[in-house]
Amino acid sequence: MDAKKLDTGPRDAINWLPDEILGKILSLLATKQAVSTSVLSKKWRTLFKLVDTLEFDDSVSGMGEQEASYVFPESFKDLVDRTVALQCDYPIRKLSLKCHVGRDDEQRKACVGRWISNVVGRGVSEVVLRINDRGLHFLSPQLLTCKTLVKLTLGTRLFLGKLPSYVSLPSLKFLFIHSVFFDDFGELSNVLLAGCPVVEALYLNQNGESMPYTISSPTLKRLSVHYEYHFESVISFDLPNLEYLDYSDYALYGYPQVNLESLVEAYLNLDKAEHVESPDVTKLIMGIRNVEILSLSPDSVGVIYSCCKYGLLLPVFNNLVSLSFGTKKTRAWKLLADILKQSPKLETLIIEDLNGYPLDVSMPLNQVKELQILEYGESDDERLQSRLESKNKLGSFDFEKFLFPIPPPIKITVSPHPSDSGGDGSNSKSSSDDEFVSLDSSTSGLCSSSEHVRKKKMKRNNTEAEADASSSDTSSG
């Protein structure tokens, strides 16, 4: 190529980039901005067809109380219609649509259905629908039979009409449901999941009075369930190939069926509910007995300890190698000793907080090789030392002797309390994370939004401790 032709000046240099690269650049822009480039020239009108990601959001900042009656305006409809028309039938990878529809506004509902049907016919692999519809909303038949869809996100506060029996999503692997209300919650397993023969991950976040009473799938490998404010009394898990469970809920009256034979990793956050006087987690605990990694929140520890007082016999956790344990109730610490007795292969014990640890509870002989204590500071050390002295126990405080009177060789890691490390102690998430959780297309795992799930905090504390150790080794060297 003639070098003189390439020397066109910085203002025109971008036009010499290959069309495929320009299309990728446009896909990184907000859809409204990308559409505006189509007026530059005939070439740019053609380039916009190569954009493979469309994102539309009708939200207006500062709506406040007006949101209850808000519906997307005519200008929003024109933008989406124009964008879809410009692209013709070119392939599309992702559609994200957030909009408000009136209860009985059939015209706007028809628009939404038409937009979804258009992208489904162009080989879409990811669809994110956040439709605020105060009436019943029926999903597009084309969406429910899409052969190319790999990831589907539905929300928030969406009231679905009865699902058709012909649901068929042969490629769907990731399903995210956030505050979606089914005509019959049995349809989640009996219709929706049943129509997804290769689904591997389900994220279910419900905030309302109803929830599915059974979650069943022969292919599901990862499940994240977060329930708030409901009045159901039981739930079953029929998931023979599930490997990862993140379950946050009220402790219920019972768990009729718990089929989790392949479970490797479990995070439980079970809270005591006022409307459930005598929860029974017996079958749930029996169902997770094969786990290798188990995390119990302080609320879960309290619930399980209460059930043990009324007859729950802990199973033997033959595969358990890592346990994260948290409680602030003195009596519930006895549960840790019981779990250690039932965990012959346990190697790593992570204690979230020593606050409330009683001096009259000692740990049995065990195989623990590493003890991690999270958020422990000088004030905690002084408090425990004071308690030792008040009971006429002389000597300085020693983690090893305190927790393991006759311990095996053990490595102890202490992560400082945020107040001691100079941080503000804030672990809050952004409002967008709380509102909706989604995944990267390349991500095979679920991202938890629960404040009580400890996995990320454990990793964060461990990473900070390793970084501190590395920096000190560097400075000493």
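This passage describes one helix, the cysteines, the salt bridges and one small group of paired strands in a predicted model.

Helix 10 covers residues 298–309, and because each of its twelve residues should add 1.5 Å, an expected span of 16 Å can be set against the 17 Å that separates its end C-alpha atoms in the model, a result that agrees with expectation. The buried residues of this helix are Ser 300, Val 301, Gly 302, Val 303, Ile 304, Tyr 305 and Cys 307. An α-helix has 3.6 residues a turn, so residues three or four places apart point the same way. The cover over the buried residues of helix 10 includes three strands, namely strand 14 (265–271), strand 15 (293–296) and strand 16 (322–325), together with helix 9 (282–287) and helix 11 (334–341). After helix 10 comes Gly 311, which has a positive phi, near 120°.

Attention now turns to the cysteines. A disulfide is a covalent bond between the sulfur atoms of two cysteines. The structure holds zero disulfides. Cys 308, accordingly, takes part in no disulfide, and the nearest cysteine sulfur to it, which belongs to Cys 307, is 7.2 Å away, whereas a disulfide requires the two sulfur atoms to lie within 2.5 Å. With regard to exposure, Cys 308 counts as partly exposed because its relative accessibility is 23%, while Cys 146, at 2% relative accessibility, counts as buried; the cut-off for a buried residue is a relative accessible area under 20%.

Side chains of opposite charge can pair when their charged atoms come close. In this model the count comes to nine salt bridges. One of them joins the side chains of Asp 52 and Arg 93, with a distance of 4.0 Å from N to O. Asp 52 lies in the loop between helix 4 (42–47) and strand 1 (53–57), and Arg 93 lies in the loop between helix 5 (74–87) and strand 2 (94–101), so this pair ties together parts of the chain that are 41 residues apart in sequence. The two partners can also be described by their exposure, since Asp 52 is buried, with a relative accessible area of 14%, whereas Arg 93, at 36% relative accessibility, counts as partly exposed.

A further salt bridge is formed by the side chains of Glu 126 and Lys 94, at 3.9 Å from N to O. This pair likewise links distant parts of the chain, for Glu 126 belongs to strand 3 (residues 126–133) and Lys 94 to strand 2, 32 residues apart. Glu 126 is buried, with a relative accessible area of 4%, and Lys 94, at 17% relative accessibility, also counts as buried. Glu 126 and Lys 94 are moreover members of a network of salt bridges that links them with Glu 55 and Lys 151. Another salt bridge is found between the side chains of Asp 105 and Arg 108, at 2.7 Å from N to O, and here Asp 105 is buried, with a relative accessible area of 17%.

Finally, three strands form an open sheet in the order 9-11-13, with parallel pairing. Strand 9 (214–216) and strand 13 (258–259) stand at the edges and each has a single partner strand, so that one side of each is left without a neighbour in the sheet. Strand 9 pairs with strand 11 (residues 236–238) in the parallel sense over three bridges, and within this pairing Ile 215 has Phe 237, in strand 11, as its bridge partner.

Notes:
Residues numbered from 1 in each chain as written. Predicted model: local features only at pLDDT ≥ 70, side-chain atom pairs only at ≥ 80, totals over all residues. Heavy atoms only, no water. Helix = DSSP H or I, 4+ residues; strand = E, 2+ residues; numbered from the N terminus. Expected span 1.5 Å × (residues − 1). Buried < 20%, exposed > 50% of the residue type's maximum accessible area, 1.4 Å probe, protein only. Contact = heavy atoms within 4.5 Å. Pairing = 2+ DSSP bridges.
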